[in-house]
Amino acid sequence: MKQIKILWTDDEIDLLRPHIIFLEQKGYAVDTATNGTDAIALVGKYNYDIIFLDENMPGLSGIETLSKIKNIAPLVPVIMITKSEEENIMDEAIGSKINDYLIKPVNPNQILLAIKKNIDKDRLITQKTTSAYQSEFMKLGMEINDSLSYKDWYEIYRKLCYWELELAGAQDNTMDEVLKMQLNEANNSFAKFVKRNYTSWFDAKNEEKPLLSPGLLKEKVFPMLKEGKKVVFLLIDNLRFDQWKSIEPLLSQFYTVSEEDLYYSILPTSTQYSRNSIFSGLMPSEINKLYPDLWKNDDEEGGKNLYEEEMLRSLMTRYNVKTGLYYEKITDVKFCKKITDNAKSVLNNQFVAIVVNFVDALSHARTDQKMMRELANTTSAYRAITKSWFEFSPLFDMLKVFADNDVHLVISTDHGSIQVSDPVKIIGDRETTTNLRYKQGRNLNYNKKEVFEILNPGDAYLPKTNISSTYVFAYGSDFFAYPNNYNHYVKYYKDTFQHGGISMQEMMIPVITLKSR
């Protein structure tokens, strides 16, 4: 570890000799100056890690010296030291981008704390985060093995997301492989849980079942509408829980979180199935039966999510929700500006439902475009790009305007995604679906131990394209690959973000209720 180099500028530097000796005994290298001119010259000559600067000196004042130092070394933290507690001096110093502020007389421990806060903070946080996860690792492992209910899995996934975000923010990647291993272990156990329980969740007599896609609006939105509240329902396609946690701090300036919850996407965890289920309040086979004109099977031509507004209006009628509805699907975020400019008119409707496809488009771009593969080569990078997009998007501007209009905002999604790495061989005919995480077709050939198979689609309320239709789902970080041209196929899709199968990231997805501040 390199020695930290300090510059301390004070016209009474001789009186501070005990402080300097204290720092040198702690291993720091300390240069001194008695005036601003000499300090500026030293900053131009040497690279300092931190600068202590007296505010009241003859000649150049501390504020004037600070301004010139920042022109030379804008990233070096500066700690202002002054006898004065006058607010205007503090404001001027803070406005000049000081990093900390100490009032004379200072003691050695105050100086040491200022150094650690501004120089060692990242290292200390990393050290503590890594140590804390190491302590939690065994406990989490036991919880994964003991998880019996869908609620247990909510808690495990929340904890794993927490540690994923904490470790990503640390400056040390020594625990990355350990966390990745634990996530894989959790996903394998989660898949076994889903395989054991999934079809039982459609039994009306089963009281131990999670909220699923068809019940999302009924449970999370319609009660507020019936109470007379103005509700904006924002569905961001393909938004994972960790991605939500990354954008939450941005929204906290304008909204308070009333409820942060998770719910389960139905299988397949793909837009065609899960989003249609949300807006219709029905399972896919029920949509196919009741609205044959609105449902398209995998093997049929045309868009698979073209009738969400019609389905939503029908769902509102079934549940006697008699409010004005504004619905918009945004495939180009420029549409957000149109909504923002007409916010008053849009919010004349008690219920505003907006679908945004950007995150899903990002995951597909990550697969298809080399540049995006390089930019989002890890889960952490994928999450960071999502946050950056949101922060500077017209969607965020739109939500800021909505916040000024006393709305209840419900943010949710239809499914998540997972970064895949392990190919699983499967054989099917020309009619087999192309999704990498699930396959639907007849005469499918696969290793039963590697997949979750639904031989009778009716058990999971899935439509049949023919009498011998079968659905199979990949889990963990697996993806399906055909034996023909296998190596090329695997190389192309390895480490891409996919959805349609069984994983915590795809199935356990956020539904957040927020209130304007």
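The questions and answers below concern a predicted model of one chain.

Local features in this predicted model need pLDDT of at least 70, side-chain atom pairs count only at pLDDT 80 or more, and totals for chains, interfaces and linings use all residues. Residues are numbered from 1 along each chain as its sequence is written, and side-chain values use heavy atoms, with hydrogens and water left out.

Q: How many helices and strands does the chain have?
A: Helices (H or I, at least four residues) and strands (E, at least two) are DSSP runs, numbered from the N terminus. By that rule the chain has 21 helices and 18 strands.

Q: What percentage of the 517 residues of the chain count as buried?
A: A residue is buried when its relative accessible area is under 20%, exposed when over 50%, and partly exposed in between (1.4 Å probe, protein chains only). Of the 517 residues, the buried share is 53%.

Q: Which helix gives the largest share of the largest nonpolar core?
A: A nonpolar core is a set of buried Ala, Val, Leu, Ile, Met, Phe, Trp, Tyr and Cys residues joined through side-chain atoms within 4.5 Å. The largest one has 105 residues, and Tyr198, Phe233, Tyr264 and Phe402 touch the most other members. The largest share of this core is 9 residues, from residues 150–169, helix H6.

Q: Which methionines does tyrosine 264 touch?
A: Contact means heavy atoms within 4.5 Å. Residues up to four places away in sequence are not counted. The residues touched by tyrosine 264 include Tyr150, Trp153 and Phe190, and also Met507 and Met508.
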